[in-house]
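Reader: I would like a close look at one pocket of this structure. Which parts of the protein form its lining, and what is found around them?

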Protein chains: 2
Amino acid sequence: MKVTVLQDIMSANDKIAARNQDLLNKNNVLAVNVMSSPGAGKTSLILETIKRLKEKVRISVIEADIASTMDADRIIKEGVPAIQINTGGECHTDANMLSAALEKLPLTDIDLLFLENVGNLVCPAEFRIGTQKSIMLLSVPEGDDKPYKYPLMFSTVAAVIISKMDYLPLSDFNLDRFEKTVKGMNSRVKIFRVSVKTGEGVADWIKWLETQLKEI
Amino acid sequence: MKVTVLQDIMSANDKIAARNQDLLNKNNVLAVNVMSSPGAGKTSLILETIKRLKEKVRISVIEADIASTMDADRIIKEGVPAIQINTGGECHTDANMLSAALEKLPLTDIDLLFLENVGNLVCPAEFRIGTQKSIMLLSVPEGDDKPYKYPLMFSTVAAVIISKMDYLPLSDFNLDRFEKTVKGMNSRVKIFRVSVKTGEGVADWIKWLETQLKEI
């Protein structure tokens, strides 16, 4: 009985997700679902991407959090329209939340839409929401064993950003082993080694993003 | 309808949690629920605590993960009995999972039982499981803004461990501001500044834990 209820919810969610994706495609908007643990640097990466791309790409951001509007405030300071979703205790965004946010956005004036998901490596991976691309960040201080613990997230994203590369000298993170593990779970994944603080790898990430934009 | 189902589940969970706590109290076992983001250092702190206390305190560990037995393997290497719970995709442990694990443990031979929860700042805070104490780790690289984003977790724990203090020189984490924020949400909370790598603050944490043990 419990399983049936859950399947109904998932199937309703997936229908809304498909509708969200249609709407995005019709408006030539590339939506990127950005996931990670708390504090892996999602907002910082989005801010840096905005700084580098905002002269040529029209960007908007949906910030999802359990509580607070801190991240949306940081984005708005950059002169980019941002909407905050408070999930009201939920550990992820679902298709319905994205649908409500899309209704409030001027989609014809947007090329690239980031959805910054709730900081969590479990639940956000379980829900389709309708974005065309999902990416995740894994910060160096979190350690290189995370793919084994959160296999669904690592197996399903289009790109993994190893963030906070500037912490590497203090860490025993094994980059080669980590990348090999992730590729073993997800052969088509792109992996970027990035530090927003030093600028390392940001250009490669931006280049990949621009390629995705051309494909929409 | 959905809400009613959820309330039923929560109330059933809370009954099992109360039963778990009775069982622990009857056996004079102090159970500590250890929560944090992925990679904040839960396993490392537990391992260091075992090293320092195992001669005088009989310790056991329940490791909860979505997948893998990596953490339990690390604990068992220290000669301490450990049980692995795989939550099968769930982002937290519930009272039922703890109950099943308690049945497998020789409770009369245990003084201190750690439950290492799934790495997540959201869901684990929402479920009572029956441990007498809940603590959390927040690692320096995650940033000092997390209490605003995950208020439930920070408001309900008995202790907050600021972990990975050795990363502080590379970070803009403001310790005083963070501690003031947390105390504002949770006036009785104990806060420890810890680095398992350098040993900073570990003795204070151990001392607090020994005080809790005496109160059981």
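The second largest pocket and its surroundings

Author: With seven residues, α2 of chain B gives the most to the lining of the second largest pocket. The model is a predicted one, and every value below is computed from it.

The second largest pocket has a volume of about 970 Å³. Its lining counts 44 residues, and those nearest the centre are Asp172(A), Gly41(B), Ser44(B), Arg74(B) and Lys164(B). The elements that each supply at least two lining residues come from both chains: α5 (146-149) and α7 (175-185) of chain A, and α2 (42-53), β2 (59-65) and α3 (70-77) of chain B. By class, the lining of this pocket has 19 charged, 14 nonpolar and eleven polar residues.

Since both chains take part in this lining, the contact between them comes next. Chain A brings 33 residues to the contact and chain B brings 33 residues. Between them the two chains bury about 2,600 Å², with 60% of that area on carbon and sulfur atoms. Of the area that chain A buries against chain B, 22% is supplied by Pro38(A), Lys149(A) and Leu170(A), more than by any other three residues.

Lys149(A) leads on to chain B, where Ser68(B) is in contact with Tyr148(A), Lys149(A), Gln84(B) and Asn86(B), leaving aside its neighbours within four places in sequence. Ser68(B) sits in the loop between β2 and α3 of chain B, and both of these elements help to line the second largest pocket. The phi of Ser68(B) is near 80°, which is a positive value in a residue other than glycine. Is Ser68(B) buried or exposed? Ser68(B) counts as buried because its relative accessibility is 19%, and the limit for buried is under 20%. Asn28(B) lies 40 residues from Ser68(B) in sequence, and their C-alpha atoms are 30 Å apart in space.

Pro38(A), another of the three residues just named for chain A, also helps to enclose a cavity. A search of the whole structure finds one cavity of 30 Å³ or more. About 60 Å³ of space lies in the largest cavity. Its lining from chain A is Ser37(A), Pro38(A), Gly39(A), Ser139(A), Pro141(A) and Glu142(A), and from chain B it is Ser37(B), Pro38(B), Gly39(B), Ser139(B), Pro141(B) and Glu142(B). The classes in this lining are six polar, four nonpolar and two charged residues.

In chain A, helix α3 (residues 70-77) has Asp71(A), Ala72(A) and Ile75(A) as its buried residues. These residues are on the same side of α3(A) because they cover an arc of only 100° around the axis. An α-helix has 3.6 residues a turn, so residues three or four places apart point the same way. What do the buried residues of α3(A) pack against? In chain A they pack against α2 (42-53), β2 (59-65), β3 (82-86) and β4 (112-116), and in chain B against α5 (146-149). Just after α3(A) comes Gly79(A), with a positive phi of about 80°.

A positive phi is also found at Lys164(A), where it is near 55° in a residue other than glycine. Lys164(A) belongs to the loop between β6 (159-163) and α7 of chain A, and α7 of chain A is one of the elements that line the second largest pocket. Lys164(A) counts as buried because its relative accessibility is 17%.

Two further residues of chain A can be set side by side. Lys56(A) is in the loop between α2 and β2 of chain A, and Lys56(A) counts as exposed because its relative accessibility is 58%, where the limit is over 50%. From Lys56(A) to Ile85(A) is 29 residues in sequence and 27 Å in space, C-alpha to C-alpha. Gln212(A), by contrast, lies in helix α8 (residues 202-215) of chain A and counts as buried because its relative accessibility is 9%. Not counting residues up to four places away in sequence, Gln212(A) touches Leu30(A) and Lys133(A).

Conventions: Residues numbered from 1 in each chain as written. Chains lettered and ligands numbered in written order. Predicted model: local features only at pLDDT ≥ 70, side-chain atom pairs only at ≥ 80, totals over all residues. Heavy atoms only, no water. Buried < 20%, exposed > 50% of the residue type's maximum accessible area, 1.4 Å probe, protein only. Helix = DSSP H or I, 4+ residues; strand = E, 2+ residues; numbered from the N terminus. Arc of directions from axis to C-beta. Contact = heavy atoms within 4.5 Å. 1 Å grid on protein atoms, 1.4 Å probe; cavity = no way out; pocket = protein on both sides within 12 Å on 5 of 7 lines; lining within 4 Å. Points joined across faces, edges and corners; volume = space filled by probe spheres on them. Nonpolar A, V, L, I, M, F, W, Y, C, P; charged D, E, K, R; others polar. Buried area = accessible area lost by both parts, 1.4 Å probe.
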